[in-house]
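Colleague: Please take a close look at the pairing of charged side chains, and then set what you find against the wider fold. I would like the reasoning spelled out step by step.

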Amino acid sequence: MSKKIYLFSLVLLALTFTACSETEEAGRYDNWRARSEAFIDSIANVCNSPENQALSDEDPKKLYAIKDEQKGQWIYVKKISKTGDSQAKPFSTSSVEAYYRMSYFNGDVVQQNFVGTEPDEFDSPTPFSLNEVISGWTYTLPYMTEGEFWTLYIPYQSGYDSGTGSDGSLQPYSALVYNVKLDKIVDL
């Protein structure tokens, strides 16, 4: 009898070690494409909700949808704040200077040219042409006026799609969250 208990204990112990060795911890970027799509779908649900539609246009919590005509995707934006009185808006071919912070939907910051919640006098804007950036920017920034600060929720199709960026540092299929302040229009 004691041999059977001893043998049973050994088998049970072996199964325990085998089960533990097969268990892997989920990686930070596992199921990334599906999670990116689910994030954008959740933003779309909030944008289309009656609660969001009832918010006033001045409410910084209100979400808006802008169509990316090139990719056929919806980009969602929040108009956080505005400084200055300018009503100037860029064209899709304009050159501008902007502050931005790009992060993944999980909060990991990927690139930024300002630190803190909003740019200050110690930060420097980046110059670029709107027709030379991701389509998510090309289609949203022409709705901004100089001095506006927005949050953009960009699906991966309107971002870098399945690519990893010019330096290979991005996760493919990344839904991106940008905090953007349009500093000035350099050339219309």
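Modeller: A salt bridge is taken here as a side-chain nitrogen of Lys or Arg lying within 4 Å of a carboxyl oxygen of Asp or Glu. K62 and D57 form such a pair, their closest N and O atoms being 3.3 Å apart, and K62 is buried, since its relative accessible area is 8% and the cut-off for buried is under 20%. Bear in mind throughout that this is a predicted model. The structure holds three salt bridges in total, and the other two are worth setting beside the K62 pair in turn. Side chains of opposite charge can pair when their charged atoms come close.

In one of them, R28 pairs with D108 at a closest N to O distance of 2.5 Å. This bridge links distant parts of the chain, because R28 belongs to the loop between α1 and α2 whereas D108 belongs to the loop between β3 (95-104) and β4 (109-112), with their positions 80 residues apart. D108 counts as buried, with a relative accessibility of 17%. The remaining bridge joins R33 to E37, with 3.5 Å between the closest N and O atoms. Here the partners are four residues apart in helix α2, which means that about one helical turn separates them. R33 counts as partly exposed at 39% relative accessibility, and E37 is likewise partly exposed, at 33%.

The loop that carries R28 deserves a further word, because N31 is found there too, between α1 (2-22) and α2 (32-48). Although N31 is not a glycine, its phi is positive, at about 55°, and with a relative accessible area of 60% the residue is exposed. A positive phi is also found at Y173, again not a glycine, with a value of about 60°. Y173 lies in the loop between β6 (148-154) and β7 (176-187), and its relative accessible area of 26% makes it partly exposed.

As for the wider fold, the protein chain comes to four helices and seven strands, which run α-α-α-β-β-β-β-β-α-β-β from the N terminus on. Of the contacts in the chain with a separation of 6 or more, 67% are between residues 24 or more positions apart; the R28 to D108 bridge, 80 residues apart, is a pairing of distant parts of the chain as well. Buried residues make up 37% of the 188 residues, and D108 counts among the buried ones, as does K62. The accessible surface of the chain is about 11100 Å², with 53% of that belonging to carbon and sulfur atoms.

Finally, β3, the strand before the loop of D108, comes up again at the largest pocket, where β3 and β5 (126-129) each supply at least two residues of the lining. About 210 Å³ of space lies in this pocket. Its lining includes Y100, M102, T126 and F128, together with W137, Y160 and Y178. By class, the lining has eight nonpolar, two polar and one charged residues, the charged one being E132.

Conventions:
Residues numbered from 1 in each chain as written. Predicted model: local features only at pLDDT ≥ 70, side-chain atom pairs only at ≥ 80, totals over all residues. Heavy atoms only, no water. Buried < 20%, exposed > 50% of the residue type's maximum accessible area, 1.4 Å probe, protein only. Contact = heavy atoms within 4.5 Å. Areas by Shrake-Rupley, 256 points an atom, 1.4 Å probe, with all protein chains shown as cover. 1 Å grid on protein atoms, 1.4 Å probe; cavity = no way out; pocket = protein on both sides within 12 Å on 5 of 7 lines; lining within 4 Å. Points joined across faces, edges and corners; volume = space filled by probe spheres on them.
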